[in-house]
Amino acid sequence: TLTAWDCNLDFEYITALTREDGENGEENLEKAWFVGLSWELQEDFEVATRYEHFDDDNEEDQEEVVNYRWLAGFNYAFTDYTTLSVEYRYSDFEQESDSDAVGSQNELIIQIALEY
C-alpha cells in the first residue's frame, strides 16, 4: 500500500504454492493480482476503484470461473455512526465453447453500515 496526499494505492498478489492434482495429473497453481485506488475527496466522502485478475492455471475455459473484475464506488459517512456505500461491479467469466452460461455480470451493491 502506498499513501500520498489523500490517495491510497494498493497492490496484492496471491498464488498457491502447492495444490492437489488437476484432472490430467498436472498440478494447478492458481494465482490472482489486484490493484486498487481510493481517494478521500472530503473528510466524509471517499471514492475508489479496483481491478482484479484471476488465473486458474487451467488452459481450458471452465463455466463460471472469473477472468477479471472491475469495481468502482464510494463511501459517504453522513453521520458519525452511519455510512452509505455504493459499489458497481463488472465481472467477466470464462465460458466453455457453445455454452449458454453467462459471460459477464453487472452488479450494483448498496449498503448502509451502522456503527455501535
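Two aromatic rings of Phe, Tyr or Trp count as a pair if their centres lie within 6.5 Å. With that in hand, here are the close-ups; the model is a predicted one.

**View 1. One aromatic cluster brings together Phe11, Trp33, Tyr51, Tyr68, Trp70 and Tyr90.** Zoom in on two of its members, Tyr51 and Trp70. Their rings make a tilted pair, at 4.8 Å centre to centre and with 55 degrees between the planes. Tyrosine 51 sits in strand E4 and tryptophan 70 in strand E5 (residues 66-77), so this contact ties together parts that are 19 residues apart in sequence. The two partners differ in cover: tyrosine 51 is buried, at 15% relative accessible area, whereas tryptophan 70 is partly exposed, at 45%.

**View 2. Phenylalanine 34 and phenylalanine 54 meet edge-to-face.** A search of the whole structure turns up nine aromatic pairs, and here is one of them. The ring centres of phenylalanine 34 and phenylalanine 54 are 5.7 Å apart and the planes stand at 70 degrees; planes over 60 degrees apart count as edge-to-face, so that is the label this pair gets. Phenylalanine 34 belongs to strand E3 (residues 31-42) and phenylalanine 54 to strand E4, so the pair ties together parts that are 20 residues apart in sequence. Phenylalanine 34 is buried, with just 9% relative accessible area, while phenylalanine 54 counts as partly exposed at 26%.

**View 3. A network of salt bridges links Glu12, Arg50, Glu52 and Arg69.** Focus on glutamate 12 and arginine 50, whose side chains meet in a salt bridge at 3.8 Å, N to O. Glutamate 12 is found in strand E2 (residues 7-15) and arginine 50 in strand E4 (residues 45-55), so the bridge ties together parts that are 38 residues apart in sequence. Both ends are partly exposed: glutamate 12 has a relative accessible area of 36% and arginine 50 one of 27%. As a general point, side chains of opposite charge can pair when their charged atoms come close.

**View 4. Arginine 89 has a salt bridge to glutamate 87 and another to glutamate 107.** The structure holds six salt bridges, and these two share an arginine. With glutamate 87, the closest N and O atoms of the pair are 2.8 Å apart. With glutamate 107, the N to O distance is 4.0 Å. That second bridge links distant parts of the chain, with arginine 89 in strand E6 (residues 82-93) and glutamate 107 in strand E7 (residues 104-114), 18 residues apart. How exposed is arginine 89? It is partly exposed, with a relative accessible area of 22%. Its partners are also partly exposed: glutamate 87 comes in at 25%, and glutamate 107 at 25%.

**View 5. Tyr76, Phe78, Tyr81, Ile112 and Leu114 form a nonpolar patch on the surface.** Together these five side chains' residues have about 550 Å² of accessible area. Pick out isoleucine 112, which has its place in strand E7. Isoleucine 112 is exposed, because its relative accessible area is 57% and the label applies over 50%. Strand E7 also holds glutamate 107 from the previous view.

Note on methods:
Residues are numbered from 1 along each chain as its sequence is written. This is a predicted model: local features need pLDDT of at least 70, side-chain atom pairs count only at pLDDT 80 or more; totals for chains, interfaces and linings use all residues. Side-chain values use heavy atoms; hydrogens and water are left out. Helices (H or I, at least four residues) and strands (E, at least two) are DSSP runs, numbered from the N terminus. Buried means under 20% relative accessible area, exposed over 50%, partly exposed in between (1.4 Å probe, protein chains only). Patches are made of residues with over 30% relative accessible area and no salt bridge: like charges are joined within 9 Å, nonpolar side chains (Val, Leu, Ile, Met, Phe, Trp, Tyr) within 5 Å. Accessible areas come from the Shrake-Rupley method with a 1.4 Å probe; for residues, only the protein chains shown count as cover. Rings of Phe, Tyr and Trp (its six-membered ring) pair if their centres lie within 6.5 Å; planes under 30 degrees apart count as stacked, over 60 as edge-to-face and the rest as tilted.
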